[in-house]
Amino acid sequence: MDEYYLPWDEAWHITTNTCCYTNHTIMAEALEKWPVDLFQRLLPRIYQIVDEINRRFVDQIMRQYSGSAGIDVQAKIRSMAILYDNQVKMAHLAIVGGHSVNGVAKLHTEILKKRELKDFYEMMPEKFNNKTNGITQRRFLMHANPLLADWVTEKIGDEWITDLSQMDKLKDFVNDKKAQTEFMEIKLKNKERLAAYIYEHNGVKVDPKSIFDVQVKRLHEYKRQLLNILTVMYKYHDIKTHPAKDVYPKTYIFGAKAAAGYLTAKLTIKLINSVAEVINNDPDIKGKIKVVFIEDYRVSKAELIFAAADVSEQISTASKEASGTGNMKMMLNGAVTLGTLDGANVEIVNEVGEENAFIFGLSSQEVMDYERNGNYNPMDIYNSDPNVKIALDMLIDGTFSKDKELFRPLYDCLLHKVGSNKADQYFILKDFESYMEAQKRISDAYADKKRWAKMALMNTACCGKFSSDRTIQEYVDEVWHLDKLQVEIK
Ligand SMILES: *Cc1c(COP(=O)(O)O)cnc(C)c1O
């Protein structure tokens, strides 16, 4: 308007036909809300425009809903206005100022429509659509796992490099004994490659024949690395107290970074390292379980890790993970998912079949119901489930730290309200037993070599949907409406 002298309506037409909004998370901390006074001071002209966009939008809400029976217009304004409570709500601005709103997995988009952005969906349903995330097979198979990439090409040709749906053809080999053996030999080589890296960087000897159980992702409470390490702590106690018990050897591999100011996340990393130190050096354990924390988690490390994973830990509190993409990278490389029905895990299980994944825990609906009703009490579980009590008490009895108070904040946030956070807001205790039971199913399945080879191979064979080529094509066709440009290669 200022530079090209466009009238409002024309500028607004260009804006709304140009912009589109992809929501990547429903975690409140990631949805930008700026104080009006700050915004106004730093961006005075932009603020004037935002104010006018908001005025027109609030007008539109009133026109649309005034006089409609049973509709509280003020409540609609409260939940949808761009300027409210002295805040600029950037997500609301993006929805109003664009022609498309999408989530990044089916479940996530449904949660946006039914919960988080319900009022927007009711007012402008035509803007809403889903674009399930994807990953690139060029980096996460061709580059990261050359042994498997070459094997796949040998079996089905090389079209998968630009058309991942071709992986489907591997289904012909899932019951083929020779193919199963070759597939698992490649996995073993990749595990040896990672074991060498771990020995060099952590000084820990891990057995490539053990189950490589992998959780690598940003450290966040909703991703529940704490649930994982608590069950490791429980198993440590179990092996110590029942030394004769048969356990399938397992290597727990973690990788994560914590945001600079996120204390609980940093303390969780400290806990994982402390547990690793004790378990890896306890002769009573006889190497049955090992714990490794890989430093400086990033894509170059991730490539090495994904290729070597047997089990892909995707254990977020149901409803919290928008999509996840680590889950897809590990599936591509023949890891079996141990997860909740959250984010893209739902679609992964749909593709691979529930017999080829290990699913546990509360459903997203159950989580959202507990959140709404406020009727979850983790203390009841602590008091009634002796296994949970054993694991939690080890946080504060000095088993993993000379300073018994070091991990007290983790113990407290599981059992008590801390600040504005409810006790165990991510339902770790609630899912503890069902997670342990799923891990037991994994050890049993892994012990059956043929069964595991088939499951792992099925995961690679069924990953076709999760290429970012498919995702980008959907954006091109349904959101950006771009024409194809033919590039001549001379
Ligand atoms: C894929 C990837 C992620 C995302 O992992 P999620 O398990 O989906 O959270 C994060 N960091 C790196 C380095 C990755 O490669």
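Begin by selecting aspartate 2, which is partly exposed, with a relative accessible area of 44%. The model on your screen is a predicted one, and each stop on this tour was computed from its atoms.

**Stop one: from aspartate 2 to arginine 45**

With aspartate 2 still selected, add arginine 45 and show both side chains, which meet in a salt bridge with an N to O distance of 2.7 Å. This pair links distant parts of the chain, since aspartate 2 belongs to the segment before α1 (8-18) while arginine 45 sits in helix α3 (residues 44-65), 43 residues apart. Arginine 45 has a relative accessibility of 36%, so it counts as partly exposed. As general background, side chains of opposite charge can pair when their charged atoms come close.

**Stop two: more salt bridges**

How many salt bridges does a search of the whole structure find? The search finds 30, and two others are worth a visit.

Select glutamate 478 and lysine 131, which form a salt bridge whose closest N and O atoms are 2.8 Å apart. Here too distant parts of the chain are linked, with glutamate 478 in helix α22 (residues 468-480) and lysine 131 in the loop between β6 (128-130) and α8 (137-143), 347 residues apart. If you turn on a surface, compare the two partners: glutamate 478 counts as partly exposed because its relative accessibility is 47%, whereas lysine 131 counts as buried because its relative accessibility is 0%.

Now move to aspartate 431 and arginine 224, another salt bridge, in which the closest N and O atoms are 2.9 Å apart. Aspartate 431 lies in helix α20 (residues 428-447), and arginine 224 is found in the loop between β7 (211-216) and α11, 207 residues apart in the chain. Are these two partners buried or exposed? Both aspartate 431 and arginine 224 are buried. Before leaving the salt bridges, select Asp9, Glu52, Arg55 and Arg56 together, which are joined into one network by salt bridges that share partners.

**Stop three: glutamine 225**

Select glutamine 225, which is found in helix α11 (residues 225-241). With a relative accessibility of 1%, glutamine 225 counts as buried. Which residues are in contact with glutamine 225, if its neighbours within four places in sequence are left aside? They are Gln215, Lys217, Arg218, Leu219, His220, Phe254, Ala256, Thr268 and Ile272. To practise with the distance tool, draw a line from the C-alpha of glutamine 225 to the C-alpha of serine 420, and you should read 22 Å for two residues that are 195 apart in sequence.

**Stop four: cysteines**

Next, colour the cysteines, bearing in mind that a search of the whole structure finds zero disulfides. Cysteine 20 is in no disulfide, and the nearest cysteine sulfur, that of cysteine 19, is 7.1 Å away. Cysteine 20 counts as partly exposed, at 31% relative accessibility. Then go to cysteine 462, which is buried, with a relative accessible area of 4%. Why is cysteine 462 not bonded to the closest cysteine sulfur, in cysteine 463? The two sulfurs are 8.1 Å apart, which is too far for a bond.

**Stop five: two cavities**

The count of cavities of 30 Å³ or more comes to two. To find the largest, which holds about 50 Å³ of space, select its lining residues, Lys217, Lys223, Gln314, Ile315, Ser316, Glu321, Ser323, Gly324, Asn327 and Asn345. This lining divides into one nonpolar, six polar and three charged residues.

The second largest cavity has a volume of about 40 Å³, and you can outline it by selecting Asn145, Leu148, Phe183, Ile186, Lys187, Asn190, Ala307 and Asn333. Helix α10 (residues 177-202) gives the largest share of that lining, four residues. By class, the lining of the second largest cavity has four nonpolar, three polar and one charged residues.

**Stop six: two positive phi angles**

As a last piece of background, most residues other than glycine have a negative phi. Select asparagine 86, in the loop between β3 (83-84) and β4 (87-89), which has a positive phi of about 60° although it is not a glycine. Asparagine 86 is exposed, with a relative accessible area of 64%. Finish at lysine 286, in the loop between α12 (263-280) and β9 (289-294). Lysine 286, also not a glycine, has a positive phi of about 50°, and it is exposed, with a relative accessible area of 66%.

Key:
Residues numbered from 1 in each chain as written. Predicted model: local features only at pLDDT ≥ 70, side-chain atom pairs only at ≥ 80, totals over all residues. Heavy atoms only, no water. Buried < 20%, exposed > 50% of the residue type's maximum accessible area, 1.4 Å probe, protein only. Contact = heavy atoms within 4.5 Å. Salt bridge = Lys/Arg side-chain N within 4 Å of Asp/Glu carboxyl O. Disulfide = S-S within 2.5 Å. 1 Å grid on protein atoms, 1.4 Å probe; cavity = no way out; pocket = protein on both sides within 12 Å on 5 of 7 lines; lining within 4 Å. Points joined across faces, edges and corners; volume = space filled by probe spheres on them. Nonpolar A, V, L, I, M, F, W, Y, C, P; charged D, E, K, R; others polar.
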